[in-house]
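Reader: I'm happier at the bench than in a structure viewer. Could you walk me through how to read a few features?

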Amino acid sequence: MYYLKLIWIFFRIGLLNEMAYRVNFYVQLLQSLLSLGTAIAGLAIVFSHTDTLGGWEAIDILALLGVFMFVGGVIGMVISPSMSQLMDDVRLGIFDYTLTKPCDAQFLASISQIRLWRIIDILLGAGVLIAALIYRGLDIGPREALAFAFVLCTGGSIIYSFWLMLATLTFWFLRIENILHIFQSMYEAGRWPIGIYPHWLRYILTFLVPVAFAITVPAEALSGRLTPDSLITSGLLCVFLVVISRWFWKRGLKNYSGASA
Amino acid sequence: MKYYTATYWAFFKTSLLEQFQYRAAMAIWMIGRILEPIIYLTVWTTVAQTRGGSVGSYSPADFAAYYIVLMLVNQFTFSWIMHTYDFRIRQGELSNFLLKPIHPIHADIAENIAYKVMTAVIIFPTAILLFFLFEPNLAFHIQTFAVFLLALGLAFIMRFFIEWTLALIAFWTTRNEAINQMYFTLGLFLSGRIAPIDLLPDAIQTLANALPFRWAVAFPVELMLGRLSQEQILNGFTMQALWLLAGFLLIQLTWRLGVKKYSAVGS
């Protein structure tokens with residue numbers, strides 16, 4: 001309850017910050033619509049030459065695109081800005097203030113920055129996803145819906161833990177803000193089903209930069225092609241990464257000595 | 001002439017030393033430019049296999065050749081000037097450039113070339129690696145290669161002029177992201193990155209023929225692959241020359257108007 005209240009407070013601070021720059025809302029809206037348009041046009045071009053892509057029909061890839069935008073929006077709204085902020089704070093020594101607060105530092109650091117207008121991506125992503133499902137005649141049962149919700153949550157946690165571990169490196173190496181860009185670049189590959197990529201790239205996108213679990217696997221759940229294997233792997237990897245990243249975070253904290261001390 | 005070579009050499013050396021400090025960041029920023037052609041190469045190869053071998057006149061091996069060469073051409077012709085200019089103007093950093101007794105575009109060109117020289121260490125091994133991974137259908141003819149180098153050089157200058165002009169819009173608006181993204185989106189389709197131009201719908205092809213994007217990227221690529229007739233090659237060079245001229249004139253105009261508009265922050 002306490003944590004929910006904190007999230008709500010940070011959300012409101014994010015809103016207040018954004019209200020000072022209202023034009024940003026329109027800029028973000030334009031950019032989001034433009035990238036949605038680009039993605040749909042790209043799909044249209046590819047599917048003007050074929051009916052299926054690696055066994056996926058156009059409408060399934062559209063649903064995948066919805067998941068891609070949705071997860072991308074969540075990352076862009078909370079995870080990416082908060083982790084960048086964390087790295088800045090550690091470098092400048094401001095992180096002291098986070099540590100002195102009577103609350104878990106990992107939690108505080110993870111929601112410290114909220115770029116609210118990125119919610120447009122989340123809404124557009126959800127919209128595209130729902131539109132694709134309606135077009136297919138809402139042919140998903142409670143089992144698929146449940147599996148989808150499950151792998152979306154585990155996939156999200158996997159991504160979060162991955163970012164946290166990258167950002168935690170900042171406790172040892174101060175100037176590595178560019179490392180976050182690795183993820184941003186690799187994320188682009190997620191707009192197509194991971195299965196079409198060559199083995200080496202699939203491996204990278206599954207285990208080194210776990211884009212597959214956040215996008216392809218949830219989309220598979222919706223189109224009924226989720227194998228029990230991926231479901232279990234996603235769950236296990238989620239638990240593993242959450243535990244490991246937490247441990248890594250604690251190690252990092254021990255290494256932190258403040259910038260001016 | 002001697003003055004220019006000496007100045008360029010000086011700019012080039014300083015940029016090289018400066019950028020060497022950011023080599024790790026530089027390698028990381030290249031991931032996206034390497035990954036994008038691999039993504040579309042995979043997508044089109046998958047489509048070709050689904051259709052039983054080819055899409056239009058492209059087999060998987062042709063796609064491999066197309067996208068590997070495209071990766072190189074895009075790497076050597078791209079610029080990041082549109083992203084740096086609004087910072088330069090907003091922060092008043094441009095004043096330093098205005099004080100120098102030489103047009104600021106020269107420093108930018110030299111910096112860009114220094115970056116390309118430095119990143120060649122990454123992009124060439126990557127291309128060779130992709131060569132073995134994807135087995136492209138690419139024959140090497142010395143004449144074609146020579147003509148390709150000419151087209152690549154023209155494409156570089158042309159693209160640089162156009163992007164520099166667009167960067168100068170920052171004199172009038174302080175927020176360029178929206179314009180940059182529109183330019184980027186157009187480029188994605190019209191320069192042949194999402195798909196080779198022949199595979200695009202007719203209306204988009206017509207647009208691609210008129211605008212500069214195709215001539216900056218897809219044209220040198222298709223030339224290298226030996227997919228163009230003599231007539232098409234001549235046409236391509238004509239379009240490059242026209243856009244180069246247009247870019248040159250636009251720079252003169254916008255720079256003159258823009259500098260008048262500019263008032264450094266804090267002065």
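Reader: Let's start with helix packing. Which residues in helix 7 of chain B meet which residues in helix 12 of chain B?

Author: Keep in mind that this is a predicted model. From helix 7 of chain B, the residues involved include B:Val147, B:Ala151, B:Leu154, B:Met158, B:Phe161 and B:Trp164. Across from them, helix 12 of chain B brings residues including B:Ile233, B:Gly236, B:Phe237, B:Trp243, B:Gly247 and B:Ile251.

Reader: How do the residues of that contact divide into nonpolar, polar and charged?

Author: The contact of helix 7 of chain B with helix 12 of chain B has 16 nonpolar, five polar and no charged residues.

Reader: And at what angle do helix 7 and helix 12 of chain B pack?

Author: Look at the angle between the axes, taken from N to C. Here it is about 30°, and the axes are 8 Å apart. Angles under 35 degrees count as roughly parallel, so helix 7 of chain B is roughly parallel to helix 12 of chain B. The crossing of these two helices is left-handed.

Reader: Let's try chain A. Are helix 3 and helix 6 of chain A roughly parallel or antiparallel to each other?

Author: Use the angle again. Helix 3 (residues 58-92) and helix 6 (residues 119-135) of chain A cross at roughly 160°, with axes that come within 7 Å. Over 145 degrees counts as roughly antiparallel, so that is what helix 3 and helix 6 of chain A are. Their crossing is left-handed, and their contact holds 18 nonpolar, five polar and one charged residues.

Reader: Now the two chains together. How many residues of chain B are in contact with chain A?

Author: People often give the size of an interface as the accessible area lost when the parts come together. Here we can count residues: 31 of chain B are in contact with 28 of chain A. On the chain B side, helix 2 (23-50) and helix 8 (177-190) each supply at least two residues. Helix 2 of chain B gives the largest share, 15 residues. By class, the side of chain B that touches chain A has 21 nonpolar, six polar and four charged residues.

Reader: One backbone item to finish. What is the phi of B:Glu135?

Author: Most residues other than glycine have a negative phi. B:Glu135 is not a glycine, yet its phi is positive, about 45°.

Reader: Where is B:Glu135 placed, and is B:Glu135 buried or exposed?

Author: B:Glu135 sits in the loop between helix 6 (104-134) and helix 7 of chain B. B:Glu135 has 12 other C-beta atoms within 10 Å, so it is exposed.

Definitions and conventions. Residues are numbered from 1 along each chain as its sequence is written. Chains are lettered from A and ligands numbered from 1 in the order in which they are written. This is a predicted model: local features need pLDDT of at least 70, side-chain atom pairs count only at pLDDT 80 or more; totals for chains, interfaces and linings use all residues. Two residues are in contact if their C-beta atoms, placed from the backbone, lie within 7 Å. Helices (H or I, at least four residues) and strands (E, at least two) are DSSP runs, numbered from the N terminus. Ala, Val, Leu, Ile, Met, Phe, Trp, Tyr, Cys and Pro count as nonpolar, Asp, Glu, Lys and Arg as charged, and the others, Gly among them, as polar. Axes are lines fitted to C-alpha atoms, for helices over the stretch in contact, and angles run from 0 to 180 degrees between N-to-C directions. Angles under 35 degrees count as roughly parallel, over 145 as roughly antiparallel, 65 to 115 as roughly perpendicular and the rest as oblique. A crossing is left-handed if the near helix is turned anticlockwise from the far one by less than a right angle, and right-handed if clockwise. A residue is buried if 20 or more other C-beta atoms lie within 10 Å of its own, exposed if 12 or fewer, and partly exposed in between; C-beta atoms are placed from the backbone.
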